[in-house]
Amino acid sequence: MPRILTPVWVLLAGITLGARPANVAAAAICANGHARCRVLSLANLFDRVIQHSARMHGISNDLHAKFEQYFVPSGNHIGRSSRNCHTSTLLTPNDKENAQRIAREELTEVILKLLVAWRDPLWHFHRTTAHQHNLANFSSDMSRRMSDMVHELRKGVEKVAEKMQTMGMMSNSVSTLSSVEALLPPESGEWRLMKDHELLYCFRRDSDKIQNYLKILKCRIVPEHGC
């Protein structure tokens with residue numbers, strides 16, 4: 001039986017325990033407007049979204065490897081044919097140094113843009129594999145989990161962005177960052193032209209980017225916590 005994943009935004013929301021916030025840096029973000037919540041520091045919030053992104057990337061890596069093993073005999077074929085991802089039109093830092101230089105608002109927006117860009121392709125991939133007998137046994141559940149985790153991670157990153165904004169660490173409002181769909185190019189449907197192994201390669205690449213960007217953002221905001 002597949003393990004039920006607790007939504008990351010629920011983990012970030014806080015639990016009603018009657019804890020009293022000690023300071024602004026540790027102020028809680030609470031679900032459903034609760035005033036008395038367990039205190040979660042900004043470092044804790046970052047740790048949780050980073051852990052979630054690591055699990056998401058691990059699943060994407062496993063699914064890509066399984067697909068390569070069972071359906072693409074030549075492993076090198078995937079690497080050669082999958083360079084043109086539908087997210088290639090998004091401007092993303094191409095190395096750690098560039099990611100460290102851009103504004104924290106811009107880096108947060110890049111993370112959210114990537115997550116939004118994968119919402120529909122992963123859902124479509126899950127629906128496709130669920131109706132293909134030769135794929136359903138090993139990939140349908142994993143693809144569903146990836147799709148769900150992208151949605152939950154986006155909610156979690158929005159919570160982190162909201163916390164940074166309320167603490168004065170980010171100039172953009174969460175509502176602006178949450179509307180990144182409006183900043184993306186019009187839906188061209190390019191991802192529909194990708195083969196399954198290309199889509200999985202591209203998501204593995206982008207999920208690794210997301211994980212690394214979150215780590216870089218954390219170390220820029222709270223460098224004293226594990227950086």
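**Two serines and a pair of helices**

In this predicted model, Ser171 is placed in the loop that runs between α7 (133–166) and α8 (174–178).

Reader: What makes Ser171 count as exposed?

Author: The relative accessible area of Ser171 is 60%, and exposed means over 50%, so Ser171 is called exposed. The C-alpha atom of Ser171 is separated by 9.4 Å from that of Arg104, although these residues stand 67 residues apart along the chain.

Reader: Why is Ser207, which lies in helix α9, called buried?

Author: Buried means under 20% relative accessible area, and because the value for Ser207 is 0%, this residue is buried. Leaving out residues up to four places away in sequence, Ser207 touches Met56, His57 and Ser60, while a polar atom of its side chain lies 3.0 Å from the backbone oxygen of Arg204.

Reader: How do you know that α5 is roughly antiparallel to α9?

Author: The axes of α5 (residues 104–117) and α9 (residues 196–221) come within 10 Å and cross at roughly 155°. Angles over 145 degrees count as roughly antiparallel, and therefore α5 is described as roughly antiparallel to α9. The crossing in which α5 passes α9 is left-handed.

Reader: Which residues of α5 meet α9, and what kinds of residues make up the contact?

Author: From α5 come Arg104, Leu107, Thr108, Val110, Ile111, Leu114 and Leu115, and the residues they meet in α9 include Asp206, Ile210, Tyr213 and Leu217. The residues of this contact of α5 with α9 divide into 11 nonpolar, 1 polar and 4 charged.

Notes: Residues numbered from 1 in each chain as written. Predicted model: local features only at pLDDT ≥ 70, side-chain atom pairs only at ≥ 80, totals over all residues. Heavy atoms only, no water. Axes fitted to C-alpha atoms, helices over the stretch in contact; angles between N-to-C directions. Helix = DSSP H or I, 4+ residues; strand = E, 2+ residues; numbered from the N terminus. Parallel < 35°, antiparallel > 145°, perpendicular 65-115°, else oblique. Left-handed = near helix turned anticlockwise from the far one by under 90°. Contact = heavy atoms within 4.5 Å. Nonpolar A, V, L, I, M, F, W, Y, C, P; charged D, E, K, R; others polar. Buried < 20%, exposed > 50% of the residue type's maximum accessible area, 1.4 Å probe, protein only. Polar contact = N/O pair within 3.5 Å; in protein donor to acceptor, adjacent residues only side chain to side chain.
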